[in-house]
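Trainee: Could you take me closely through one part of this model, beginning at a single point and working outward from there?

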Amino acid sequence: MEDPNPAATATALVSPALNVWRALEARGMDPEAVFRTAGVDPAALRVPGARVPVRAAQRLWRVIDDAVPDPAFGIEVAKQMYGTAMHAVGYTWLSSATLGEAARRLARYFRVLSEVWSLQIEDDPRGMRMSFVFAVPSRHPSLWLHDWLAAGFVRLSRITYGEAFAPIEVTVVRSAPDPRAPFDEWFRCPIVWSAERTSVLCRREDLAQRLPTANPDVALANERVALEYLERLDRTDIVAQVRRRTLELLPSGPPTQAEIARGVALSPRTLHRRLAEAGTSFAKLLDDTRRELAAGYLQRTDYSVAEVAYLVGFAEVSSFNRAFRRWTGSSPSAVRRGLEADGSRLPDAKGVAS
């Protein structure tokens, strides 16, 4: 899922192209011939974690532009998605507690999938907007790629939330095609054509709904895999390094900035500066990590509230209760009772559906 980008060193995870392969097969085409024409070795699709230069991906998208003129091809690709071709990012999505949590993880670990585009989660008066942003705008974008982004988000949401999921609104870069029925039938919501960027506007209550596929242990394990992958991909990704070491140390108590700095071979002052340059801080990363871990652990009825407090680095349950109420506006016990009663809705940061 890529937009052409002249950045010479940028790479992309190759495995999501499996969805393109399957969509070509479903059309009765020979995907191997298409991939080889673009200079992409099909064998790379079978190598876990393999990456290709973005310029190689660009050639593939242009070949598909010529080979498949159908404007609905991006939707066809989305229909082939199951999440498992997205490395650990896909598994964190599939096991997240809510769509909001899944979207935040997708945004956080986008660089696993591609170094040239990102997901921005933006507040909107009507809900929360998921906007797909490319680092370098293209003069000749492959429109089906942009369609795939929005349609793929909807596809993954329906896999976990259920087939009833429908956005409030979708914006797409292309002008209205003829026919437009495949788009209307897939998105089942108003579509804004010829938009500046691709986006999906979601209802807050849908993002907060507890998912039947939730598994906090699987989500956490794959989050660690994603963080380790990012560290290997880019040794300068200080946010990934800090987050991974925080996850490792929390059960022994909240790590200090000095401890994390030693772990990443930086001085505390340099760590502070590097995090500020990345648009965050150690305190925010620590707080966010504890909040997300707590929300996941509370789903497990085999953990008491006291055990959850310990696992996220609190020595006293009372301190955990105060922090959790600050994060969500509810107490851990109230959330646990609500989950046991109907399993419907999980709280997140105050006033924002998770």
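**From one helix end to the sheet**

Mentor: Gly329, just after helix H17, takes a positive phi of about 85°. This is a predicted model, in which local features need pLDDT of at least 70 and side-chain atom pairs count only at pLDDT 80 or more, while totals for chains, interfaces and linings use all residues. Residues are numbered from 1 along each chain as its sequence is written, and side-chain values use heavy atoms, with hydrogens and water left out.

H17 itself (residues 317-328) has 12 residues and reaches 16 Å from its first C-alpha to its last, close to the 16 Å expected at 1.5 Å a residue (helices are DSSP runs of H or I of at least four residues, strands E runs of at least two, numbered from the N terminus; the expected span is 1.5 Å times one less than the number of residues). Its buried residues are Phe320, Ala323, Phe324, Trp327 and Thr328 (buried is under 20% relative accessible area, exposed over 50%, partly exposed in between, with a 1.4 Å probe and protein chains only). They lie on the same side of H17, because they cover an arc of only 110° around the axis, taken from the directions from the helix axis to the C-beta atoms.

Turning to the helices earlier in the chain, the axes of H12 (residues 238-249) and H14 (residues 268-277) come within 9 Å and cross at roughly 115° (axes are lines fitted to C-alpha atoms, for helices over the stretch in contact, and angles run from 0 to 180 degrees between N-to-C directions). Ile238, Val239 and Val242 in H12 meet Leu271, Arg274 and Leu275 in H14, contact being heavy atoms within 4.5 Å. Five of these residues are nonpolar, none is polar and one is charged (Ala, Val, Leu, Ile, Met, Phe, Trp, Tyr, Cys and Pro count as nonpolar, Asp, Glu, Lys and Arg as charged, the others, Gly among them, as polar).

Two further residues belong to this picture. Thr280, in the loop between H14 and H15 (282-297), counts as buried because its relative accessibility is 16%. Beyond residues up to four places away in sequence, Thr280 touches Val239, Leu275 and Leu285. Ile260 sits in H13 (residues 257-263) and counts as buried, since its relative accessibility is 0%. With the same exclusion of residues up to four places away, Ile260 touches Val242, Arg245, Thr246, Leu249, Pro255, Leu271 and Phe282. From Ile260 to Gly100 the C-alpha distance is 28 Å, across 160 residues of sequence.

Gly100 leads on to the sheet. Five strands form an open sheet of mixed pairing, in the order S3-S4-S7-S5-S6 (two strands pair if DSSP finds at least two bridges between them). S3 and S6 (191-192) stand at the edges with a single partner strand each, so one side of each has no neighbour in the sheet. H6 (residues 99-108) packs on the sheet, touching S3 and S4, and its direction makes about 140° with that of S3.

S3 (residues 117-124) and S4 (residues 127-134) are antiparallel over eight bridges, joined by a hairpin through two residues. Ser118 stands opposite Val133 in S4, and Asp124 has Gly127 as its bridge partner. Eight of the eight residues of S4 are buried. S4 also pairs with S7 (residues 198-202), antiparallel over five bridges, where Phe132 partners Thr198. S5 (residues 169-171) and S6 are parallel over two bridges, with Val170 opposite Ile191. Finally, H8 (residues 143-161) lies across S3, S4, S5 and S7, running at about 20° to S7.
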